[in-house]
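Subject: The structure we talked about

Hi,

Here is the structure I promised to pass on. Have a look at it first, and then read my notes underneath.

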Amino acid sequence: MNRALLGEQLPAQIPGLLRYANSMVADSQQAADLVSATMVRALERAETFRSASSLATWLHRILLNLAVDQARASREKAAGEAVATVTATVSFTHLRAPATV
């Protein structure tokens, strides 16, 4: 599908995408950001759309993939911050080799 045609059809898909995004995330702003990112991704990859599925199905899949990617990144960031916190607060002096005489 060409970008111009897709661009004409995208606005009609926004309400359904917002409902779907709101069902996945707790924050309405985060849901709106997911929908915006979905629109951008769809326009970037318009040529990959296959008319074997509906436009709505394709867009919902893009949104789901973006939400999963976002959740993974958030989880990895939280894990990294937790490790940094533990490392900063735990004394590792007991792990040193004993002094030799």
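The accessible surface of the chain adds up to about 7,100 Å², and carbon and sulfur atoms account for 57% of that. Keep in mind that this is a predicted model. Of the 101 residues in the chain, 22% are buried.

The fold is quick to describe. There are 4 helices and 0 strands, so to speak an α-α-α-α pattern when you read along the sequence. Among contacts with a separation of 6 or more, 63% are between residues 24 or more positions apart.

Now the core. The largest nonpolar core has 19 residues, and Leu6, Trp58 and Leu59 have the most contacts inside it. Helices H2 (14–24), H3 (28–44) and H4 (55–89) each supply at least two of its residues. H4 gives the most, with 7 residues. What does Leu6 touch, once you leave aside its neighbours within four places in sequence? The list is Met1, Ala42, Leu43, Ala46, Leu55 and Trp58.

H3 is a good helix to click through next. It has 17 residues and runs 24 Å from its first C-alpha to its last, close to the 24 Å expected at 1.5 Å a residue. Its buried residues are Ala31, Leu34, Val35, Thr38, Met39 and Ala42. These cover an arc of only 140° around the axis, which puts them on the same side of H3. At the N-terminal end, Asp27 acts as the cap for H3, with a side-chain oxygen 2.6 Å from the backbone nitrogen of Gln29.

Two of those H3 residues deserve a closer look, and Thr38 is one of them. Thr38 sits in H3 and counts as buried because its relative accessibility is 0%. Where does its side chain reach with a polar atom? The side chain of Thr38 comes to 2.7 Å from the backbone oxygen of Leu34. Beyond residues up to four places away in sequence, Thr38 touches Leu17, Leu59, Ile62, Leu63 and Leu66.

Leu34, the partner in that pair, is in H3 too. With 3% relative accessibility, Leu34 counts as buried. Setting aside neighbours within four places in sequence, Leu34 is in contact with Ala21, Val25, Leu63, Leu66, Ala67 and Gln70. Leu34 and Leu64 are 30 residues apart along the chain, and their C-alpha atoms are separated by 9.0 Å.

That brings us to Leu64, which is found in H4. Buried or partly exposed? Leu64 counts as partly exposed, since its relative accessibility is 23% and buried means under 20%. Not counting residues up to four places away in sequence, Leu64 touches Tyr20 and Met24. For Met24, 40 residues away along the chain, the C-alpha separation from Leu64 is 8.7 Å.

H2 can be read in the way I read H3. Gly16, Leu17 and Ala21 are buried in H2. They cover an arc of only 130° around the axis, which puts them on the same side of H2. Arg19 and Ser23 are exposed on the other side of H2. Two of the buried ones have already come up: Leu17 is touched by Thr38, and Ala21 is in contact with Leu34.

Last, two more residues to find on screen. Ala71 is in H4 and counts as partly exposed, at 47% relative accessibility. The C-alpha atoms of Ala71 and Val25 are separated by 9.6 Å, with their positions 46 residues apart along the chain. Glu44 lies in H3 and is partly exposed, with a relative accessible area of 44%. The C-alpha atoms of Glu44 and Arg3, 41 residues apart along the chain, are separated by 8.1 Å.

If you want a short route through the model, start with Leu6, Trp58 and Leu59 in the core, then go to the pair of Thr38 and Leu34 in H3, and finish with Arg19 and Ser23 on the exposed side of H2.

Cheers

Technical notes:
Residues numbered from 1 in each chain as written. Predicted model: local features only at pLDDT ≥ 70, side-chain atom pairs only at ≥ 80, totals over all residues. Heavy atoms only, no water. Core = buried A, V, L, I, M, F, W, Y, C linked by side-chain atoms within 4.5 Å. Buried < 20%, exposed > 50% of the residue type's maximum accessible area, 1.4 Å probe, protein only. Contact = heavy atoms within 4.5 Å. Polar contact = N/O pair within 3.5 Å; in protein donor to acceptor, adjacent residues only side chain to side chain. Expected span 1.5 Å × (residues − 1). Arc of directions from axis to C-beta. Areas by Shrake-Rupley, 256 points an atom, 1.4 Å probe, with all protein chains shown as cover.
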